[in-house]
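Student: Could you take me through one part of this model in close detail? I would like to see how the nonpolar core is put together.

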Amino acid sequence: MDRTDVDSTARAAALLLHSWDTAADRTETAAAIRAKPLMSDEWAAQQVEPERNSSQGAWLGPAEHGAYSRAQAVPAIGDVTRDVADDKAVRAYKVTWRWASRDGEPAEGTGTRHVTIYLEKHSGAWEVVGHQSHELPAGEVAS
């Protein structure tokens, strides 16, 4: 990953935010905590793991197999992605993931989200100053 390149930084953040390991992670926020090195100090400070996993239902099956997510990110269709200024940018991705099990048994479950990453450039390096996502219904082609 090249922190001087906005697209490289944004894509890495989108992937990291969806890189979970049910054997080690208690919540989805664990991935955001691992992505803190890509974030501004202010945004990183807001990444706090909740007491309960809001995605518990989606994690139960994969967790039975010690599964981890395998995420892919492609630029989202639409006009969200833009360079706002020389030092500010927005990038949007369609992120999909499947679960890979550690026990050889299939780990059911996939997911698709539209993720928007907000970035600012400081001292020549891009950093994430915000991100948001929303689930896409299964089978939705457009992002």
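Tutor: Happy to; here is a walk through the core, ending at one glycine beside it in the discussion.

Keep in mind that this is a predicted model. The chain has an average pLDDT of 90, and 93% of the residues score at least 70. Among the elements, H1 has the highest mean pLDDT, at 97, while helix H4 (residues 56-64) has the lowest, at 81.

Now to the core itself. The largest nonpolar core contains 29 residues, and those with the most contacts inside it are Met39, Tyr93, Val95, Trp99, Ile117, Leu119 and Val128. Two or more residues come from each of helix H1 (6-16), helix H2 (29-34), helix H3 (41-45), strand S3 (88-100), strand S4 (110-122) and strand S5 (125-135). With 6 residues, H1 contributes the most.

Ile117 is a good place to zoom in. Setting aside neighbours within four places in sequence, Ile117 is in contact with Ala10, Ala13, Ala14, Leu17, Ala89, Val90, Arg91, Tyr93, Val128, Gly130 and His131.

Let us follow one of those partners, Gly130. Gly130 belongs to strand S5, and it counts as buried because its relative accessibility is 6%, below the 20% cut-off. Gly130 and Ile117 are 13 residues apart in sequence, yet their C-alpha atoms are 6.1 Å apart in space. Not counting residues up to four places away in sequence, Gly130 touches Trp43 as well as Thr116, Ile117 and Tyr118.

Key. Residues are numbered from 1 along each chain as its sequence is written. This is a predicted model: local features need pLDDT of at least 70, side-chain atom pairs count only at pLDDT 80 or more; totals for chains, interfaces and linings use all residues. Side-chain values use heavy atoms; hydrogens and water are left out. A nonpolar core is a set of buried Ala, Val, Leu, Ile, Met, Phe, Trp, Tyr and Cys residues joined through side-chain atoms within 4.5 Å. Buried means under 20% relative accessible area, exposed over 50%, partly exposed in between (1.4 Å probe, protein chains only). Helices (H or I, at least four residues) and strands (E, at least two) are DSSP runs, numbered from the N terminus. Contact means heavy atoms within 4.5 Å. pLDDT is the predictor's confidence in each residue, from 0 to 100.
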